[in-house]
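Here are some exercises to work through with the model open beside you. Try each task before reading its solution.

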Amino acid sequence: MSPADDDEATGIHCRLDELLAARGMTLARLSEMVGVSVVNLSILKNDRARAIRYSTLSAICRALECEVGDLLVRADLRAR
């Protein structure tokens with residue numbers, strides 16, 4: 001299995017939905033705050049992103065007042 005294989009899941013789960021709900025924030029509002037399109041945030045939220053820039057990750061974490069580990073978790077650990 002190659003790390004860049006497009007047919008394989010990344011093994012990473014994005015908890016964006018849960019963090020937004022906990023803060024009463026919409027995806028549209030987050031988009032305004034971080035300067036990333038709703039479409040791109042939706043791709044991230046639905047675990048379809050293949051990459052994320054550190055600057056985007058940092059902006060999302062600042063806006064949500066969370067750590068990277070709160071936002072991104074290993075998919076095999078998400079049920080714990």
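A residue counts as buried under 20% relative accessible area, as exposed over 50%, and as partly exposed in between, with a 1.4 Å probe and protein chains only. The model is a predicted one, so to speak: local features need pLDDT of at least 70, side-chain atom pairs count only at pLDDT 80 or more, and totals for chains, interfaces and linings use all residues. Residues are numbered from 1 along each chain as its sequence is written, and side-chain values use heavy atoms, with hydrogens and water left out.

**Exercise 1. Get your bearings**

Task: work out how many helices and strands the chain has, and in what order they come.

Solution. Start with the terms: helices (H or I, at least four residues) and strands (E, at least two) are DSSP runs, numbered from the N terminus. Counting them gives five helices and two strands. Walk along from the N terminus and you read β-α-α-α-α-α-β. Next, check the burial: buried residues make up 30% of the 80 residues in the chain. The accessible surface (Shrake-Rupley method, 1.4 Å probe; for residues, only the protein chains shown count as cover) comes to about 5600 Å², and 49% of that belongs to carbon and sulfur atoms. Last, look at contacts, meaning heavy atoms within 4.5 Å. Take those between residues at least 6 apart in sequence: 62% of them join residues at least 24 apart.

**Exercise 2. Find the inner face of α2**

Task: which residues of α2 are buried, and what do they pack against?

Solution. Go through residues 27-34, and you'll find L27, L30, S31 and V34 buried. Now look down the axis of α2: the buried residues fall within an arc of 105°, so they line one face of the helix. That arc is taken from the directions from the helix axis to the C-beta atoms. The general rule helps here: an α-helix has 3.6 residues a turn, so residues three or four places apart point the same way. As for partners, the buried residues of α2 pack against α1 (16-23), α3 (38-45) and α4 (54-64).

Zoom in on L27, which sits in helix α2. L27 has a relative accessible area of 17%, so it is buried. Skipping its neighbours within four places in sequence, L27 is in contact with L16, L20, V38, L41, S42 and K45. Just after α2, G35 takes a positive phi of about 75°.

**Exercise 3. Cross the helices**

Task: how does α2 cross α3, and how does α2 cross α4?

Solution. Axes are lines fitted to C-alpha atoms, for helices over the stretch in contact, and angles run from 0 to 180 degrees between N-to-C directions. Begin with α2 and α3: their axes come within 9 Å and cross at roughly 115°. Angles under 35 degrees count as roughly parallel, over 145 as roughly antiparallel, 65 to 115 as roughly perpendicular and the rest as oblique. α2 and α3 are therefore roughly perpendicular to each other. The contact is made by L27, A28, L30, S31 and V34 of α2 and V38, L41, S42 and K45 of α3.

Then take α2 and α4, which pack at an angle of about 120°, with axes 10 Å apart. That pair is therefore oblique. Here L30, M33 and V34 of α2 meet A59, I60, A63 and L64 of α4.

For handedness, a crossing is left-handed if the near helix is turned anticlockwise from the far one by less than a right angle, and right-handed if clockwise. α2 passes α3 in a right-handed crossing, and α2 passes α4 in a right-handed crossing too.

**Exercise 4. Check α3 and the loop after it**

Task: which residues of α3 are buried, and what is the phi of D47?

Solution. In α3, the buried residues are L41, L44 and K45. Down the axis of α3 they fall within an arc of 100°, so they line one face of the helix. They pack against β1 (12-14), α1, α2 and α4. Move on to D47, in the loop between α3 and α4. D47 has a positive phi of about 60° although it is not a glycine. At a relative accessible area of 28%, D47 is partly exposed.
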